[in-house]
Amino acid sequence: VWGIKDPPPSPQGLKYEWVCTYLQAGVSVPCRGPDSQPIAWPSTEALTVAAGTLPASAIPYTFTLIVTKGSRAPGTFSVPVTVVNQVIPAVGLAVSAITGGYQMEDGSLYVNQDAKVTFAGFSDTPNTNLAWSVDGGVDATVPAVAPLGYTAPTFVLQLSPGVFQRGARYTVKLTGSLPVSNSGQGFTTGGLLINSPPSGGVFRACVLDLQSAGSACQTEGLPISDTFRMEAVDWSDVDVPITFQFGYLLEGEGAAASGGSSNGTNATANATAGAAQNVSEATWFSPSTTSYLDMEFPSGKITCYAVVSDSMGASTAQLSALITVGDTTSGGRRLLQSANANFAKARNKMKDNLKAFRANKVNQAAGSMALEGRKKLTPAEAMALRAELMGQIATGTQRTVGTASYACETFGAGSLVTAAAADMGTTEVVGAGDVMGKLLTAKKSFMSSTCTQQAAKMMSNALVAQIYGQALSQVEGEQFLNNLISGMNNVMYQAAFGKVAGESKVTVVAPASDLSVQRLTVATLLGQLLYQNSPQETGLAPQASFQVPTNLTSVFGTSSVDINVHTHSYGAAPAAFGANIVSPLYGLTLSYADTGTAAKVANLTEPFIINIPVDLSGLTTTGKLLFTQQVTCVYWGGSSYISDGCNVTSASNTMVTCACNHLTTFAINQDPNVQACGDSRKQSARGEACDDRNLVDGDGCSSTCTVEANWECYGREGSSSTCVNAIAGSNPRTGEDGARATFKMSGFASETEVLENLGSFGQAVAEQLTIKTGMQVDAEENVFVLTVCYGSSACTVINGDAFVESTRRSAAAALTGLPAPAGRRLTASDVDVSTHIVPPSGLSPSTLVETLAADGFLSGVATSLSATSGIPLTMSYSSAPELKATPPARPDVMLGAVSAEVQPLPPSVEDEELPFVPAASTTVPGLSTEVIVVIAVSIAVVCVCGGFVLYVLPVWYRMRRERRHVKVLPSDPGLTFTTFDSVKEGTPGGGR
């Protein structure tokens with residue numbers, strides 16, 4: 001048989017004699033050395049001729065071996081050898097590792113079609129150029145065949161069914177040459193024989209109770225109650241024992257993809273249906289030497305799968321068979337029991353399996369019951385069922401010998417139970433973490449991509465469930481997060497089994513998690529920038545990154561160590577008390593390749609630089625404003641988030657950069673208790689002269705909380721500041737549509753108290769509007785103070801931003817100046833605060849007016865402001881809330897007419913020529929009744945007093961109306977117009 005070497009023969013008294021000759025002038029003469037003397041050869045079984053022993057010659061030397069034994073006739077064998085004047089390196093190869101095969105006694109390899117073999121090449125001469133090749137049409141320059149390339153000392157050969165044929169032989173060749181002109185090539189070879197998987201059998205799935213000897217296979221059954229047998233029979237192989245692995249996929253649970261092969265009673269006819277399913281979504285059970293698996297299924301069309309493998313792991317393609325499960329079969333059988341009774345029967349059966357320590361049976365039943373429960377039970381009943389099933393799965397992990405295959409089976413069952421993340425309960429979430437934690441002690445071995453995907457899917461479902469409100473207690477959250485991180489680290493370590501340093505990484509993606517692992521040497525890792533995707537469910541496009549230090553000697557001692565580099569991200573992690581996490585969790589774990597033990601990376605002199613994306617959508621407007629001042633880099637410490645060893649080096653509202661002297665799982669936290677400029681709490685100890693709840697320059701309090709030139713800021717220590725300016729002006733937003741109201745407040749003792757609490761007043765109004773309307777109203781963006789009047793004499797004109805003190809008695813002239821002494825006591829206890837409120841997007845001005853006038857609004861504002869200021873206050877309206885709408889557009893031309901509406905005019909200078917020519921006739925629409933009356937009276941007075949009174953009377957009337965604007969335009973189109981000021985109380989500087 002090829003590949004099996006006979007045992008070496010025992011000594012038989014043979015004698016060996018070596019003779020070397022060459023032709024000289026047609027005569028055979030003994031070989032001579034460089035000294036021209038005949039060479040004496042040893043009498044040994046093997047002869048080694050060192051370089052330089054024979055001179056180079058174009059004529060070959062003939063080496064003859066003469067073997068004798070006693071008086072018998074000698075045996076001979078001759079071989080020609082040509083010696084050239086070249087340096088030829090001696091090369092050799094050795095097998096470093098094999099996955100899916102073994103090395104036979106003669107040195108050749110017996111491997112599966114998907115095996116991976118790692119070769120080590122070497123040479124006796126320095127600077128030898130090595131090159132690997134494979135015969136049989138295999139291209140070793142393709143990365144899929146040789147992941148590490150074909151010119152390095154280490155050669156990784158990745159076999160695959162599409163490249164290597166079953167039962168075929170291949171030769172791996174290593175060639176060596178030197179970078180000199182007179183170099184020859186040395187080479188060595190190794191053999192490969194490709195193992196063939198089991199063959200000759202069939203696969204079918206039938207209702208067990210209806211199957212008898214010689215009867216047809218029944219492929220229709222009832223949900224949960226009928227037992228189906230998936231059976232693979234008549235398979236054979238020389239490499240025994242043969243193992244069988246079974247799985248299934250419910251129609252609709254997997255996306256469309258190419259399916260596997262079909263073989264068997266009900267497989268061939270349903271091959272197309274099987275191909276419509278994505279096999280990677282199937283639930284698989286542990287391999288066994290038993291050729292069948294009995295289990296119950298949920299309702300629907302189900303594709304059953306089987307894979308048959310020999311003792312070396314050579315496997316058939318995935319075999320498929322289709323069955324149909326429903327409450328009624330085509331043969332007339334129907335489900336007589338209610339759904340609850342059917343589930344009760346299944347529950348009892350599961351409990352029996354637990355008592356009998358048949359954990360695999362628990363896994364098989366759990367998935368089917370969870371899928372059926374989603375269809376037949378109420379949401380509450382289905383949630384209770386899934387919680388019970390997850391508990392049974394967790395209990396089963398303690399009643400069996402943990403193996404990698406059992407862990408994979410359990411992950412598959414867990415992913416089915418947790419599939420409906422939106423409907424999961426807290427018990428299921430905690431149970432998923434418990435299952436992951438209990439499987440940490442399972443025996444470690446290679447874990448397939450399907451297995452790692454099921455593990456990630458189970459934990460991702462549990463993470464997503466927390467988005468839908470399944471909040472965990474502090475203890476539950478701590479335990480879940482610890483199980484998640486340590487469990488998935490363990491899974492990814494097993495996914496790296498058999499990997500060689502430098503191979504491409506393994507990646508696993510689920511909605512709320514993204515993980516990858518790659519094997520590298522420490523030397524290769526140093527200085528690298530590693531990237532990690534954000535979880536899909538977060539919607540964050542930016543990647544996190546880890547800049548690795550250039551020196552990790554304190555951790556590994558040497559840079560030649562092989563390590564597993566595992567990066568991960570998790571979204572929707574459970575909230576920890578005292579933390580306000582605004583990012584997914586991002587982590588980097590370095591573990592030893594041989595044991596999987598995580599390296600203790602701590603107290604580094606050169607830190608890791610970590611860039612972490614953040615999501616501030618859950619923060620308030622103030623929280624977003626102050627984020628960059630209140631941000632901290634934290635890591636999960638097992639029971640809480642800790643910031644030790646990490647510092648923020650830069651921050652924006654999309655990305656935060658941390659410098660950390662250790663490794664673990666990191667996140668970004670906003671601590672609202674950190675005092676910050678803009679938090680509406682003036683802190684003199686931090687150098688703040690003011691704090692007006694924003695970081696905007698030009699409003700009196702700068703972005704660094706200093707008082708700007710020509711401004712005065714008021715506010716108590718620890719409270720918000722109100723800033724006013726001696727320069728008249730108004731906030732442009734006070735002209736927008738909204739609501740006007742004057743609040744009468746009683747309880748303040750001085751102007752200082754009033755000014756110090758204006759900011760808190762705005763916040764109180766905004767807070768009550770937010771509560772009453774359900775819309776977010778912001779004090780800075782929506783609530784503006786116009787005037788503050790003390791009693792009936794003095795008023796402080798604020799107009800949103802500007803400050804002007806004036807009196808009603810002096811309304812004929814605009815007065816500007818600084819505020820009155822801050823300590824001046826009020827002559828009256830009532831303070832009238834005139835406000836303009838702009839509705840936020842989505843809230844109409846009319847609804848805003850109704851809310852202001854609603855019962856309980858004023859009392860709510862008073863209660864809030866009293867609590868903030870520490871002053872007992874009462875509140876009412878001096879002027880009831882009214883709608884403030886934008887007036888109609890003014891006509892382009894007004895000649896000899898009076899405008900009855902207040903109209904904003906563009907900036908102008910004296911003697912400015914207005915660019916229009918009056919029309920022959922112009923009408924002015926929309927004049928109010930008041931104006932018509934005024935015009936009529938004016939005409940009568942003109943008849944008595946002349947044209948002078950006609951001009952004076954309307955002007956006098958308009959000034960008395962305070963908030964009206966008058967403009968009389970002469971009818972002579974040749975005139976230029978000069979602007980003039982008219983005093984209007986509440987509008988410093990008048991109108992033009």
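Let's start with a cysteine: Cys 701 is buried, at 0% relative accessibility. Here buried means under 20% relative accessible area, exposed means over 50%, and partly exposed is in between, with a 1.4 Å probe and protein chains only. Before going on, keep in mind that this is a predicted model, where local features need pLDDT of at least 70, side-chain atom pairs count only at pLDDT 80 or more, and totals for chains, interfaces and linings use all residues. Residues are numbered from 1 along each chain as its sequence is written, and side-chain values use heavy atoms, with hydrogens and water left out.

So who is the partner of Cys 701? Cys 690 forms a disulfide with Cys 701, and the two sulfur atoms are 2.2 Å apart. To count as a disulfide, a pair of cysteine sulfur atoms has to lie within 2.5 Å. The S-S torsion of Cys 690 and Cys 701 is about 95°, so this one is right-handed. Both cysteines sit in the loop between β30 (665–670) and β31 (711–714), yet the pair links distant parts of the chain, 11 residues apart. Strands here are DSSP runs of E, at least two residues long, and helices are runs of H or I of at least four residues, both numbered from the N terminus. Like its partner, Cys 690 is buried, at 0% relative accessibility.

How many disulfides does a search of the whole structure find? It turns up seven. As chemistry goes, a disulfide is a covalent bond between the sulfur atoms of two cysteines.

Another one of them joins Cys 20 to Cys 31, with 1.9 Å between the sulfur atoms. The link of Cys 20 and Cys 31 is left-handed, with -75° about the S-S bond. Cys 20 belongs to strand β1 (residues 15–24), while Cys 31 is in the loop between β2 (27–30) and β3 (61–68), so the disulfide ties together parts that are 11 residues apart in sequence. Cys 20 is buried at 3% relative accessible area, and Cys 31 is buried at 1%.

Then there is the disulfide between Cys 646 and Cys 660, S to S 2.1 Å. The link of Cys 646 and Cys 660 is right-handed, with 120° about the S-S bond. Cys 646 is in strand β28 (residues 646–651) and Cys 660 in strand β29 (residues 655–660), so to speak two distant parts of the chain, 14 residues apart. Cys 646 is buried at 7% relative accessibility, and Cys 660 is buried at 0%.

That pair leads straight into a sheet. Five bridges join β28 to β29, and the two strands run antiparallel. Strands count as paired if DSSP finds at least two bridges between them. Within this pairing, Cys 646 stands opposite Cys 660 in β29. The sheet is an open one of five strands, in the order β21-β22-β25-β29-β28, with antiparallel pairing. Its edge strands are β21 (529–532) and β28, each of which pairs on one side only. From one strand to the next, the twist averages 20°, using angles that run from 0 to 180 degrees between the N-to-C directions of axes, which are lines fitted to C-alpha atoms, for helices over the stretch in contact.

What about Cys 304? The closest cysteine sulfur, in Cys 206, is 9.5 Å from the sulfur of Cys 304, which is too far for a bond. Cys 304 is buried all the same, with a relative accessible area of 0%.Now for the empty space inside. The count comes to five cavities of 30 Å³ or more. On a 1 Å grid over the protein atoms alone, a cavity is a set of points where a 1.4 Å probe fits but cannot get out, and lining residues have an atom within 4 Å of a point. The second largest cavity holds about 60 Å³ of space, where a volume is the space filled by probe spheres set on grid points that are joined across faces, edges and corners. Its lining has 13 residues, and Ala 407, Phe 411, Leu 439, Asn 490 and Gln 494 lie nearest the centre. Helices α5 (404–417) and α8 (474–495) each supply at least two residues of this lining, and α8 gives the most, with four.

Helix α8 also holds Gly 477, which is buried, with a relative accessible area of 6%. The C-alpha atoms of Gly 477 and Ser 639 are separated by 8.8 Å, although the two residues are 162 residues apart along the chain.

Note on methods:
1 Å grid on protein atoms, 1.4 Å probe; cavity = no way out; pocket = protein on both sides within 12 Å on 5 of 7 lines; lining within 4 Å.
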